[in-house]
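Hi everyone, thanks for making time this morning. I'd like to walk you through one structure, and please stop me whenever something is unclear.

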Amino acid sequence: MEPIIILLIFLVIILLLRSIRQINEYERGVLFRFGKFKRILNPGWRLIFPIIDSMKKVDIRTKAVDVPEQDAITKDNVSIRINAVLYYKIFDASKAIIAVENYKYAVAQLAQTTMRNAVGAVSLDELLAERDKISEEICKIVDEATDPWGVKVENVELKDISLPEEMKRVIARVAEAEREKEAVITKAKGEVEASENLAKAADLMSKTPGAMHLRTLSTISDISSDQSNTIVFALPIEVLEAIKGYSENKKK
């Protein structure tokens, strides 16, 4: 066999091996022919002709982007530091390659800007109380903006909201004042209920003959169980005057 033929066969084998590309199940291939988009290649072994064809692989799995911590100012002019995590996936591999230069960087930058704008549109109380709602709004805005890139934003979660030390002390004082307020209200309600019950008991005893004496005897019995207690009886003034009158009549 001529050396030239052997060389040609060898070159064909090398060319064939270089033309075979593997696309994994979690990937899609974007095929370009003569620099123009041809089609999207599905998973498996695909034959790519050198020189005339080129292919870009795109991972279509869900990705998590950690949005870096950044400074933001709320609607009520409170300076905070906030970060988030964003989950997205590619639903159109061709758009992710053709419509945007670097979709990963673009999504991260867009998430940062949107998060900062969303924080600036709400007060600190709203941000702390409605974190899930704000996360949903950020997700919706970023998803609409990335749709032309073939990117589907699945979820956005605000992770940490860091407050200045002075603001933390203010919030702690407010929380303590709220607890004291609730304690005073609860105590006042208890006193009102107790006074109402005492009034009902007094009214009932005044209408029931002998009830007051029975209550007095019951109280004396409870006190006398402890020998260290000293019992002092308070007699009505009428009784004392009757005793005094009886003594004077006896002397006469």
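**A walk through the model**

Let's start with a charge and a ring: the charged end of arginine 61 sits over the ring of tyrosine 26, 3.8 Å from its centre. Please keep in mind throughout that this is a predicted model.

Now let me step back for the overall picture. The protein has eight helices and eight strands. Of its 252 residues, 25% are buried. About 18200 Å² is exposed, and carbon and sulfur atoms supply 57% of that area. As for the contacts between residues at least 6 apart in sequence, 62% of them join residues at least 24 apart.

Next, rings. How many aromatic pairs does the count come to? The count comes to one aromatic pair. Phenylalanine 32 and phenylalanine 37 form that pair, with 6.3 Å from centre to centre and 70° between the planes. Why is it called edge-to-face? The angle between the planes is 70°, and planes over 60 degrees apart count as edge-to-face. The two partners are covered to differing degrees: phenylalanine 32 is buried, with a relative accessible area of 14%, whereas phenylalanine 37 is partly exposed, at 38%.

Staying in that part of the chain, phenylalanine 34 is in the loop between β2 (27-33) and β3 (36-41). Those of you who like backbone torsions will enjoy this residue: phenylalanine 34 has a positive phi of about 55°, although it is not a glycine. Is phenylalanine 34 buried or exposed? It counts as exposed, because its relative accessibility is 64% and the threshold for exposed is over 50%.

Isoleucine 51 also has a positive phi, near 75°, and is a residue other than glycine. You'll find isoleucine 51 in the loop between β4 (44-47) and β5 (53-59). Isoleucine 51 is exposed, with a relative accessible area of 87%.

On to strand β6, which covers residues 63-73. Lysine 63 is in this strand, and at 14% relative accessibility it counts as buried. What does lysine 63 touch, if we leave out residues up to four places away in sequence? The list is Leu86, Tyr87, Tyr88, Ile90, Tyr103 and Lys104. Lysine 63 and lysine 104 are 41 residues apart in sequence, yet 9.4 Å apart in space, C-alpha to C-alpha. A polar atom of the lysine 63 side chain also lies 2.6 Å from the backbone oxygen of aspartate 59.

Further along β6 we meet glutamine 70. Glutamine 70 is buried, with a relative accessible area of 9%. Its side chain makes a polar contact with the side chain of arginine 116, at 2.3 Å. Beyond its neighbours within four places in sequence, glutamine 70 is in contact with Ile80, Arg81, Ile82, Gln112, Met115 and Arg116.

That brings us to helix α3, residues 103-120. Where does its expected length come from? At 1.5 Å a residue, the 18 residues should span 26 Å, and the end C-alpha atoms are 26 Å apart, so the two values agree. The buried residues of α3 include Tyr103, Val107, Ala111, Gln112, Met115 and Val119. An α-helix has 3.6 residues a turn, so residues three or four places apart point the same way.

That's my tour. Thanks for listening, and I'm happy to go back to any of it.

Note on methods: Residues numbered from 1 in each chain as written. Predicted model: local features only at pLDDT ≥ 70, side-chain atom pairs only at ≥ 80, totals over all residues. Heavy atoms only, no water. Helix = DSSP H or I, 4+ residues; strand = E, 2+ residues; numbered from the N terminus. Buried < 20%, exposed > 50% of the residue type's maximum accessible area, 1.4 Å probe, protein only. Contact = heavy atoms within 4.5 Å. Areas by Shrake-Rupley, 256 points an atom, 1.4 Å probe, with all protein chains shown as cover. Expected span 1.5 Å × (residues − 1). Polar contact = N/O pair within 3.5 Å; in protein donor to acceptor, adjacent residues only side chain to side chain. Phe/Tyr/Trp six-rings, centres within 6.5 Å; stacked < 30°, edge-to-face > 60°. Lys NZ or Arg CZ within 6 Å of the ring centre and 35° of its normal.
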